[in-house]
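Welcome! Here is a short tour for anyone meeting this structure for the first time.

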Amino acid sequence: MAALSVVKAKPGTADLNNPLYYLENMETVVGWVYRHHPDLLTPEEGDRLADFARLTVPARALLTRMVMRSGELFRTDKLHYPELGAPASQALAELAGTGWLDAEPSVSLDDLFRLFTLAELRPVFADTLKGAGAPPSLPKAQMRETLRARFPDARSIEDWLGAGRPGVVKLNTMALFDRVRLMFFGNLRQSWSDFVLVELGHQRYETVPFTPESRAFQHRAEVDLYLAMHQCREWLDEGLPAREVWPEVPPPYDNAWLSSRRDRLLLELGRQAERQGDRELALEAFSASSHREARLKQLRLLERMKRFAQAWEVATAWDAQELSDAEVQGLGRILRRLAPKVGEPTPVTAASPTIGETVLTLPKPEAGSVEHAVQQHLSRPDAPAYYVENTLINGLFGLLCWPTIFAPVPGAFFHPFHVGPADLTREDFVSRRRLALEQAFGYLQDGSYRQRILDHYRAKYGISNPFVVWPVLTEDLLEVSLDCLPADDLEKLFRRLLRNIREHRSGLPDLIRFFPNRNDGQKRYELIEVKGPGDRLQDHQVRWLEFFAREGMPASVCYVRWHTGEEAG
């Protein structure tokens, strides 16, 4: 495989003052894939990427612009980029001469109508429409449908429109660039503009060792498998019947990361099959998926189909140990509905714990939120209150578990510009890091957690972390938090967070007040959820508050009323 001259020793983001910064970023992507995934490329693909570096700068830049745009067909008169430093016609000729572009592609009727305006097309088809008895003033969509049966085959632009019309070129290597994009981003959801046309320099990123063992794709077949699953998802998004997509879903594969993606595909296929009335297929898809949402959907569908015995068997076999509170709640409701229908005793549900409440009457502030008003009212030098919402507990977890979050687990990091691991909210995030997470909990138990958190705070300050919001997490807040939050409470909070990171990262109380100087020498804290007039608790907030009540952790809801008189509440 030929050497790639644009490969950088240390990949970085481009200088936005350079008008060709998007080309610099594209070269970073191509170079990264060429260096770290050469065995996943065919010799022809590797040579093609090496050829990319041999193009002149204007040709590389124009090719990058075309790759970033949607579709593979482009009007040459629309390719105006002043920063190329040369006429686009020269770059187009170079790209066509080196095989990157087809300068005379065949174009279907649909493509023709996408590329040209109604005003440009109307005179071309005037006689045909007249012969078909159609009015010449047809809207574009109706004109296309009228002409469809008469023009089923693709043609060259000159055959369609005659000589002297704007040319059209076709990008020949979009499939290769999609493969490169997948190996760099780890998904095809992100477009080229997510990297090539955005400023990445406004963030600092943790350095994660990238070794062959940590790659998500170990074999070319795995890239092919991902592309096949992506095609299935696109078919579903386009409205193709789930029954037609089902046979194209790849079989299970021994790769945890790809299996997780397959589970999500099956979940979506089941949803669409149910919406399309194919309930049997929906059940089959849900039962084949290990996604955490699939089993509840399977159970609810079995209920609607009145297959109560089958639903009861599935529900009672479900191990609730690793479920989030919301999932436990959903499963409990299903079991209570099913029990009388299958002649079983209704499961006993533990009573919801009582959530503490207070009412506070305050003057309505001229500006600022209700949370800030309560914070200012409660905060004292000997009992400071902070408005932290979800940032403090998440931040403490992120600092304690920093090395674990950024461990080079396969499928977690694809390039040097990740804010956090790509599998953060997937079902197997915890299971693939269980030993390292238990080691972090051991620091809570032996007392070394405090120094580790402070060390990570000082060493990593400003580096992106999906759990840490640096402007909020000041060192003063960190110090008083570590003084007043017992390690046992932190462990309980962190373990609940890990039961469903997507769900449990939000819903935490707005305020925390500390009591670092109590007369009895016991440092304390309290969590306060603030609700202004007319506001009510959301379900995920209730679940957090019930968790605090069950665990004996001090938390309550403060309902605020406004007054305009002199008295204070």
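A nonpolar core is a set of buried Ala, Val, Leu, Ile, Met, Phe, Trp, Tyr and Cys residues whose side-chain atoms join them within 4.5 Å. Please keep in mind that this model is predicted.

With that term in hand, let us start inside the protein. The largest nonpolar core contains 88 residues. Those with the most contacts inside this core are Phe52, Leu62, Leu63, Phe177, Trp192 and Phe217. A second core, separate from that one, has 58 residues, including Val388, Phe413, Val480 and Phe514.

Next comes a pocket. The second largest pocket holds about 550 Å³ of space, and 19 residues line it. Nearest its centre lie Asp325, Val328, Gln329, Thr349 and Ala350. Helix 18 (325-342) and helix 27 (539-551) each give at least two residues to this lining, and the largest share, eight residues, belongs to helix 18. By residue class, the lining of the second largest pocket divides as follows.

| Class | Lining residues |
|---|---|
| Nonpolar | nine residues |
| Polar | four residues |
| Charged | six residues |

Our last stop is a single residue, Asn500, in the loop between helix 25 (487-499) and helix 26 (501-504). Is Asn500 buried or exposed? Asn500 counts as buried because its relative accessible area is 8%, and the cut-off for buried is under 20%. The side chain of Asn500 reaches the backbone nitrogen of Glu503 at 3.1 Å. Leaving aside residues up to four places away in sequence, Asn500 touches Arg292, Ser324 and Glu327.

Conventions
Residues numbered from 1 in each chain as written. Predicted model: local features only at pLDDT ≥ 70, side-chain atom pairs only at ≥ 80, totals over all residues. Heavy atoms only, no water. Buried < 20%, exposed > 50% of the residue type's maximum accessible area, 1.4 Å probe, protein only. 1 Å grid on protein atoms, 1.4 Å probe; cavity = no way out; pocket = protein on both sides within 12 Å on 5 of 7 lines; lining within 4 Å. Points joined across faces, edges and corners; volume = space filled by probe spheres on them. Helix = DSSP H or I, 4+ residues; strand = E, 2+ residues; numbered from the N terminus. Nonpolar A, V, L, I, M, F, W, Y, C, P; charged D, E, K, R; others polar. Polar contact = N/O pair within 3.5 Å; in protein donor to acceptor, adjacent residues only side chain to side chain. Contact = heavy atoms within 4.5 Å.
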